[in-house]
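Colleague: I'd like to learn how to read a model like this one. Can you walk me through it?

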Amino acid sequence: MKFLVTGGAGYIGVELCRQLLDAGHDVVVVDRFYFGLDPLKDIEGRLTLINGDLRSWKDEWLDGIDGVAHLAGLSNDPTAEYNPDANWQMNAVATDVLAKACRRLGVPRLTFGSSASVYDGLGPGMFDETADVKPRGAYSTSKKAAEEFLLAAADDRFSPVILRQGTVYGYSPRMRFDLVVNTFIKDALLHGKLFLHGGGWQWRPLVDVKDVARAHVICLTAPREKVHAQIFNVMQENYQVRQLAMLVSGSLSLYERRVQLVDAPLPSIVRDYRCNNIKMTQALGFTPAITVLESIDDILKRVPLDRIQDLCHPRHYNIAWMTLLEQVHVSQREYASIY
Ligand SMILES: NC(=O)c1ccc[n+]([C@@H]2O[C@H](COP(=O)([O-])OP(=O)(O)OC[C@H]3O[C@@H](n4cnc5c(N)ncnc54)[C@H](O)[C@@H]3O)[C@@H](O)[C@H]2O)c1
């Protein structure tokens, strides 16, 4: 089969492309390559790459496509809050345009990288896909809107599948160090200290990047009746941030590195929510299984410990990269207006 992966050069996208290729599928990537092409270098020769922005949609991107995995967009709270208009256009409006194009052009299946952060704000409790979610921030609000656009487009010939992904951890060739477990690993290696804001008692559903990619592959290829217009939480387990810090510091002690856990004030925005993965297990027989502990071990083996300063490169932090690129663009514009 032939699949289109939007955002295929991103943290999850690169792993998803690899899994689809290894399963014998053809893969087309549409991405604006915001973080560069380098993460795709090991599989680039096996892909069709399209440098494109979903805000300037082209129907030809769906030529011969059997299914779409839709991952492109702003992918966290800080970038969405920094530019709410771009966030809305990329995450909500572009998803609507894509859904309508799939339906019009007869692409039967689309999986969407939504976020478990839509459960934030519901208060204590363990939530499933039937919860009446009321997201608060720009990012989770746009994800919820995108879900609604997709479900509204569902019909006899078009089956969107919403995957509410927990916070992702683990190694990817396009590494992000702005996700809680990965950030803790970086901070532990660089500073030997982990800060627990408000004691770190907040809950989060978490999942490894390989398991997220696997969930997309399963939902792209499952029989229609199992996934048509369904929402699935994708998570391995709920963890308290404090627990994650302990798992990281304990793992690093095996490398004879001492890590101090430090109490810090609660920030103004705190995300705290839990959900379960029962529906995906029951409907599809798939339960994300790669644990945080296994994933920490894998990252520590892959990160060059003699070059840990590389982990600070702004490319690994979406908001740092976004603000840096804007500064570069501003100075280019200023330069152009002078000369
Ligand atoms: N990583 C997580 O913890 C997590 C959790 C829940 C949901 N998600 C969602 O999963 C998806 C992928 O996340 P990720 O961690 O791989 O993000 P990422 O930021 O690493 O990758 C996003 C990719 O999309 C591309 N892109 C962004 N806007 C685009 C546009 N307008 N047109 C074309 N390409 C565009 C970027 O160039 C990048 O390659 C996102 O939609 C994100 O919101 C991620």
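Modeller: We'll go from the overall fold to one helix, then one residue, then the ligand.

Modeller: Keep in mind that this is a predicted model.

Colleague: Fine. How many helices and strands does the protein have?

Modeller: Start any fold by counting its elements. Here the protein has 11 helices and 14 strands. Its radius of gyration is 20 Å, close to the 20 Å from the globule rule for 339 residues, so the protein is as compact as a globular protein of that length. The C-alpha trace spans about 60 × 55 × 40 Å along the principal axes.

Colleague: And what share of the residues counts as buried?

Modeller: That would be 44% of the 339 residues. For the contact pattern, take pairs at least 6 apart in sequence: 80% of those contacts join residues at least 24 apart.

Colleague: Let's zoom in on a helix. What span does α3 reach, and what is expected?

Modeller: Compare the end-to-end distance with the ideal rise. Helix α3, residues 84-105, has 22 residues and reaches 30 Å from first C-alpha to last, close to the 32 Å expected at 1.5 Å a residue. Don't stop there, though: α3 has a kink of about 30 degrees, centred on Ala94.

Colleague: Which residues of α3 are buried?

Modeller: Asn87, Met90, Asn91, Ala94, Thr95, Leu98, Ala99 and Cys102. So the residue at the centre of the kink, Ala94, is on the buried list too, by the cut-off of 20 or more C-beta neighbours within 10 Å.

Colleague: What do those buried residues pack against?

Modeller: A mix of elements: strands β4 (67-70), β5 (109-115) and β7 (159-165), plus helices α2 (77-82) and α4 (138-153). Just after α3, look at Gly106, which takes a positive phi of about 75 degrees.

Colleague: Since α4 came up, is Ala145 buried or partly exposed?

Modeller: Ala145 lies in helix α4. Ala145 counts as partly exposed because it has 17 C-beta neighbours inside 10 Å. Its C-alpha is 9.1 Å from that of Trp88, although the two are 57 residues apart along the chain.

Colleague: Last one: how many residues surround the ligand?

Modeller: For a site, list the shell and then ask where it comes from. There are 29 residues around the ligand, and the closest are Gly7, Gly10, Tyr34, Ser75 and Gly113. Elements giving two or more residues to that shell are α1 (11-22), α3, β5 and β8 (167-169). The largest share, 3 residues, comes from α1.

Colleague: What is the shell made of, by class?

Modeller: It has 13 nonpolar, 10 polar and 6 charged residues.

Technical notes
Residues are numbered from 1 along each chain as its sequence is written. This is a predicted model: local features need pLDDT of at least 70, side-chain atom pairs count only at pLDDT 80 or more; totals for chains, interfaces and linings use all residues. Helices (H or I, at least four residues) and strands (E, at least two) are DSSP runs, numbered from the N terminus. The expected span of a helix is 1.5 Å times one less than its number of residues. The bend at a residue is the angle between axes fitted to the seven residues ending there and the seven starting there. A residue is buried if 20 or more other C-beta atoms lie within 10 Å of its own, exposed if 12 or fewer, and partly exposed in between; C-beta atoms are placed from the backbone. Two residues are in contact if their C-beta atoms, placed from the backbone, lie within 7 Å. A residue is near a molecule or strand if its C-beta atom, placed from the backbone, lies within 6 Å of it. Ala, Val, Leu, Ile, Met, Phe, Trp, Tyr, Cys and Pro count as nonpolar, Asp, Glu, Lys and Arg as charged, and the others, Gly among them, as polar. The radius of gyration is taken over C-alpha atoms; the globule rule is 2.2 Å times the number of residues to the power 0.38.
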